[in-house]
Amino acid sequence: MLTLDKIYHASYVLKDVIRETNLVKAPAISDNCDVYLKPENLQITGSFKVRGSGYKISQLSDEEKARGVIACSAGNHAQGVALAATKYGIKSLICLPDGAPISKVEATKGYGAQVHMVPGVYDDAYNEALRLRDEKNYTFIHPFDDENVIAGQGTIGLEILNEMSDVDAVVGAIGGGGLLSGVACAIKSLNPNVKVYGVQADGAPSMYESIKAGKPICLDSVSTIADGIQVKEPGEHTFKYIQKYVDDIVTVSDDEISSAILKLIETQKMIAEGAGAAPVAAVMFNKIPVQGKKVVCIVSGGNIDVTILSRVIKRGLLMTGRQQTLCIELQDKPGQLVAVSKIIADRGANVVSIHHERASEGTDVNGCYLRIVLETRNFDHIKEISDALTNAGFKLV
């Protein structure tokens, strides 16, 4: 049974395991409300997951510790289990989906775990971990649907209220639901007036759909850049706690998550993975009613693969009007490129790349195309440049 006392006990046990993550004011995130960040991306292992796994493993019997532990994860839970198990001198085996970022796989090994790669997504890794648990008699550490794990995650809620007693709303991401179950239980038990909102990715809305249906449901497939919340089916316990304590759940798109990651990098100098940026995206794009309120967004992790990060930044630039590709149809005669360049330069845009090609079959024999990638300020700036080119007689394709 999840209780406030258990969450307080977890907080006591974890004092020597976790790092304190103080709230950070983030005025650039929204003009409509006062935003603060709970930077769990700065936590040991780069994620909040070490809280739940650390508390769970601390509560194992000597016999369970001797048998060793097994877990499955998209990455962050894996690192938390590996670190906690190593701290207590316990053998750990982690099942990871084969699509997990290489950085998370290597980090898990670095914390002392043996890694077993499983074809498919999180749910496939979960089934393989259960099979190996039964075969080898390991103790299974569930990533979210375990009340000791949930209690460990709930310590974040205690810390938020200890640091900001007048908070109006707390926003956190939901994958399986362990984080927000614990946080919401802690917060609602101490101050029922604080609103708690959950955020899921459009491509993996398992808890969102389950709450609407009134029962846990399993999605046929999930796909999102936020691999930390890419879960097909919520937990039995977490569904019950989310249903009881969370005020509302909203979804955000991958483009909105990308914009939030970029915003955190530029304005807060903070690296967040997709799951960590999802609550920020919900506030940025006005998905929840927090106008004029004091809001804490839980940035749950920062373990984003650098190859994904570069693609996400590019997507974020496009989403916010910071980069644009224009294709301009020109007459193949001297001076055309100079004229286009002058219009762009006079309006303060920067050319990133340029490609000039002859027109193909079916177009004017004297025609050619200029494909140009620009760095711009925003969508208004793009419109200003496009209008100027059109007014000068150039045709945008």
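## Cavities

In this predicted model, the structure encloses three cavities of 30 Å³ or more, and the largest of these holds about 310 Å³ of space. Its lining is made up of 28 residues, among which Phe48, Lys49, Gly176, Gly228 and Ile229 lie nearest the centre of the cavity. Helix H4 (76–87) and helix H8 (178–190) are the elements that give two or more residues to this lining. Sorted by class, the lining of the largest cavity comprises eleven nonpolar, 13 polar and four charged residues.

The second largest cavity contains about 40 Å³ of space. Its lining consists of Pro101, Lys104, Ile225, Asp227, Glu273, Gly274, Asn303, Ile304, Asp305 and Ile308, a set that divides into four nonpolar, two polar and four charged residues.

## Glutamate 273, a lining residue

Glu273, which is one of the residues lining the second largest cavity, sits in the loop between helix H11 (254–268) and helix H12 (274–284). With a relative accessibility of 2%, glutamate 273 counts as buried, because the cut-off for that class is under 20%. Once its neighbours within four places in sequence are set aside, glutamate 273 is in contact with Gly46, Asn76, Lys104, Gly228, Ile261, Gly301, Gly302, Asn303 and Ile304. Among these partners, Lys104, Asn303 and Ile304 also appear in the lining of the second largest cavity, whereas Gly228 is one of the residues nearest the centre of the largest cavity.

## Nonpolar cores

The largest nonpolar core has 39 residues, and within it Ile160, Val167, Val170 and Val296 touch the most other members. At least two residues of this core come from each of helix H1 (4–13), helix H2 (49–58), helix H7 (147–163), H8, helix H10 (236–245) and strand E10 (294–299). H8 provides the largest share, with seven residues; the same helix is also one of the elements that give two or more residues to the lining of the largest cavity.

For isoleucine 160, the contacts beyond its neighbours within four places in sequence are with Leu23, Lys38, Val167, Val170, Val296 and Ile298. A second, separate core contains 37 residues, including Ile229, Val250, Ala272 and Ala277. Ile229 also belongs to the group of residues nearest the centre of the largest cavity.

## The mixed six-stranded sheet

One open sheet is built from six strands in the order E1-E2-E10-E7-E8-E9, with mixed pairing. Strand E1 (24–25) and strand E9 (248–252) each have a single partner strand and stand at the edges, so one side of each has no neighbour in the sheet. The pairing of E1 with strand E2 (residues 34–39) is antiparallel and extends over two bridges, and valine 24 is placed opposite leucine 37 in E2.

## The parallel four-stranded sheet

Another open sheet has four strands in the order E5-E4-E3-E6, and here the pairing is parallel. Strand E5 (114–118) and strand E6 (139–140) are its edge strands, each of which pairs on one side only. Strand E4 (residues 92–97) runs parallel to E5 and is joined to it by five bridges, with leucine 96 standing opposite methionine 117 in E5.

## Residues with positive phi

Threonine 45 has a phi near 75°, a positive value in a residue other than glycine, and is located in the loop between E2 and H2. With a relative accessible area of 6%, threonine 45 is buried.

A positive phi, near 55°, is likewise found at lysine 269, which again is a residue other than glycine. Lysine 269 belongs to the loop between H11 and H12, where glutamate 273 is also placed. In contrast to the buried glutamate 273, lysine 269 counts as exposed, with a relative accessibility of 68%.

## The chain as a whole

The protein chain contains 15 helices and 14 strands, and its C-alpha atoms fill a box of roughly 85 × 45 × 40 Å when taken along the principal axes. Of its 397 residues, 55% count as buried. Among the contacts in the protein chain with a separation of 6 or more, 72% are accounted for by residues 24 or more positions apart.

Definitions and conventions. Residues are numbered from 1 along each chain as its sequence is written. This is a predicted model: local features need pLDDT of at least 70, side-chain atom pairs count only at pLDDT 80 or more; totals for chains, interfaces and linings use all residues. Side-chain values use heavy atoms; hydrogens and water are left out. On a 1 Å grid over the protein atoms alone, a cavity is a set of points where a 1.4 Å probe fits but cannot get out, and a pocket is an open set with protein on both sides within 12 Å along at least five of seven lines; lining residues have an atom within 4 Å of a point. Grid points are joined across faces, edges and corners, and a volume is the space filled by probe spheres set on the points. Ala, Val, Leu, Ile, Met, Phe, Trp, Tyr, Cys and Pro count as nonpolar, Asp, Glu, Lys and Arg as charged, and the others, Gly among them, as polar. A nonpolar core is a set of buried Ala, Val, Leu, Ile, Met, Phe, Trp, Tyr and Cys residues joined through side-chain atoms within 4.5 Å. Buried means under 20% relative accessible area, exposed over 50%, partly exposed in between (1.4 Å probe, protein chains only). Contact means heavy atoms within 4.5 Å. Two strands pair if DSSP finds at least two bridges between them.
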